[in-house]
Amino acid sequence: MNQETPVVAESREGAVAVLTLQSGPVNALGSALREGILAAVERAEADPAVTAIVLIGGGRMFSAGADITEFGKPQRGIPLPDLLDRIEAAGKPVIAAIHGNALGGGLETALACHYRVAVPSAKVGLPEVKLGILPGAGGTQRLPRIVGPRKALEVIVGGAPIGAKAAAGMGLIDETAPEDSLRAHAVAFAERVVAEGRPLTKIRDRDDRIAEGRDDPGLFDAFRRENARRMRGFEAPEACIACIEAACRLPFDQGLAFEREQFQRLVSGSQSAAQRYVFFAERQTAKIPDVPEDTPTRPVAKVGIIGAGTMGGGIAMNFLNAGLPVTIVETKREALDRGLGTIRSNYEATARKGRLRPEDVETRMGLLTDTLDLDALKECDLIIEAVFEDMGIKKEIFSRLDRIAKPGAILASNTSYLDIDAIAAVTGRPGDVIGMHFFSPANVMRLLEVVRGARTEKDVIATAMQIGRKVGKIAVLVGVCHGFVGNRMLAERQREANRLILEGVTPWDVDRVIHEFGLPMGPFAMSDLAGLDIGWSRETNLSESVRDLLCEIDRRGQKTGAGFYDYDAKRNATPSPVTEAIIAKVAGRQGVARKPASDQEILERCLYPMVNEGAKILDEGKAIRASDIDIVWINGYGWPVYRGGPMFWADGIGLPQVLERLRAYEAEYGDAFKPSPLLERLAAEGKGFKDL
């Protein structure tokens, strides 16, 4: 009869008890593992033959931290803070042996041990801030005591993991061990601790490193100022700072109580709920109901890119960064040289910031082949077209690729709006055609909309999703419709924003409301940044819209020093009386009644139509899940993660309320606000998008 594998395996190496965590792939510190650690530590401490204890992770890591699924549920088993107090109070030395990751509660567990040993490849960190919370088991109190408040601020508020070498330099790791003999090294280290009579070092009792926080309390406000932009709107970073401040001015137990109070406040709040939702939603995007995880993928060893402009060059960098050779094609040498120069200058700028070695720049550039000959793509496994949004040009390119590309090559378009099925139809291999919509700048933005055509083969979909992850993107599968998911919803916001300014609301008031909601910038500031003349020409645009009139007088955005806003030499924006006069002129021609609008109305009229369009997208099957739509908007358009995406946000408001306001606006402004049947149905049933 097979016995259930214990969550903590107990063994002996001489007089050293080795406790191996073996609870799932990441050793999440759920109630069963916490109870298992407690029992094993108490048994080892009670055994007179044991002189020291080594705590080590089984599998691929020490521990990735708390079991997030337990948040918000009734407490089961010993709370992690109590377990760590018990480990720290042990009468025998406890050594944490770290490989893989020790993150969140995993690092907090290591901090409660008396000593820490790690292999060079290990990573440690406290990423709780990314879930809208803070380290709630002593992390904000112990870490400053061992690395000092300045480093603690970087680690806790930044949330990024750090390598073992950097951790050792901070004093966080006592000793590094060879990669292949962590257990033996940790046991030998424990034996030395006992033989040398080293003290049971409790971080809680250390006072030397936190002195700088008492001597220079201004360092906390300086950190706030330096990081104000990236912390804007988030509650958790400020709570983390306050807890580290408390570590410097309060006794340990009082600081711990303050940390716990702040943790409980955050974990029960709306921001953490949203950020935890996003954490799981990102992982859901890889799950496609009719494309199983074991679907075979096509090998991609060489990539071709057509177009060396802003998008093509940025897309190329993603593949070069992943070590994949790229052949980039242009029609003119000047355009090709300009594109190659931009790629190199981007890499060199990264190297100057210390994020890339000079030799890495040359390695990546060495993977890039440039050509004016489309036939050079005949051996590529994946070819991505990244030219203008012109259906005629795209059809011509795909018709030629159909003759050039080898059998089985994936033919992808980076189109933002256009019909993938129409593009695929000009080829004799529509099953090999797919959309891969990168977002600008393509080498920075995390989102990749993978657009599934009506005849796209499943292995092509699986390959596109896999290659997206390989080049560091969050790939979301969407269906064919004008603008797909992100831009289709964006068009709703843009329409209403443009209507609002004709009614008398200023562009800067619309932008202010959207910015205060949490987006990086409003629609008019964004238009100025991108360039008002994208898709505009003097010959073909005769609509006499505000944008057209601005472009006609060369107010084309930041690049010309004027657009909706006026810009100084440093591109600082100021409201423009010229723009206001043009808006008044257009409104007069169109007979638009001028009237005021509250901030709430501006917000509702810009965002509720987006939610409504998202509901239509779901109803049409153009997105698999509401959470996929949210991930598109968070990673492609800067929707604030602490609001969870437009569909999650609407659920939080309540769909009946959203529906009521849409109906009110429909009565006043017409069919643009007509509610989606899905929205009406969910509201009537008392359900949300989360229930689909």
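In strand β8, Gly 163 is the bridge partner of Lys 123. The model is predicted, and this pairing opens a view of one of its sheets.

**The sheet**

Helix α3, residues 105–112, packs on the sheet and touches β5 and β7. The direction of α3 makes about 90 degrees with that of β5. Strand β7 covers residues 123–125 and is joined to β8 by 2 bridges. The two strands run antiparallel. The sheet is open, has 3 strands and follows the order β5-β7-β8. Its pairing is mixed. Both β5 and β8 stand at the edges with a single partner strand each, so one side of each has no neighbour in the sheet.

The elements of this region are listed below.

| Element | Residues |
|---|---|
| Strand β5 | 101–103 |
| Helix α3 | 105–112 |
| Strand β7 | 123–125 |
| Strand β8 | 162–163 |

**Salt bridges**

Side chains of opposite charge can pair when their charged atoms come close. The whole structure holds 63 salt bridges. One of them links Arg 12 with Asp 47, whose closest N and O atoms are 3.4 Å apart. Arg 12 sits in strand β1 (residues 8–13) and Asp 47 in the loop between α1 (31–46) and β3 (52–57), so the pair ties together parts 35 residues apart in sequence.

**A pocket**

The second largest pocket has a volume of about 220 Å³. Its lining includes Asn 318, Asn 321 and Ala 322. Also in the lining are Asn 443, Val 444, Met 445 and Arg 446, along with Lys 470, Val 471, Gly 472 and Lys 473. By class, the lining has 4 nonpolar, 4 polar and 3 charged residues.

Methods: Residues numbered from 1 in each chain as written. Predicted model: local features only at pLDDT ≥ 70, side-chain atom pairs only at ≥ 80, totals over all residues. Heavy atoms only, no water. 1 Å grid on protein atoms, 1.4 Å probe; cavity = no way out; pocket = protein on both sides within 12 Å on 5 of 7 lines; lining within 4 Å. Points joined across faces, edges and corners; volume = space filled by probe spheres on them. Nonpolar A, V, L, I, M, F, W, Y, C, P; charged D, E, K, R; others polar. Pairing = 2+ DSSP bridges. Helix = DSSP H or I, 4+ residues; strand = E, 2+ residues; numbered from the N terminus. Contact = heavy atoms within 4.5 Å. Axes fitted to C-alpha atoms, helices over the stretch in contact; angles between N-to-C directions. Salt bridge = Lys/Arg side-chain N within 4 Å of Asp/Glu carboxyl O.
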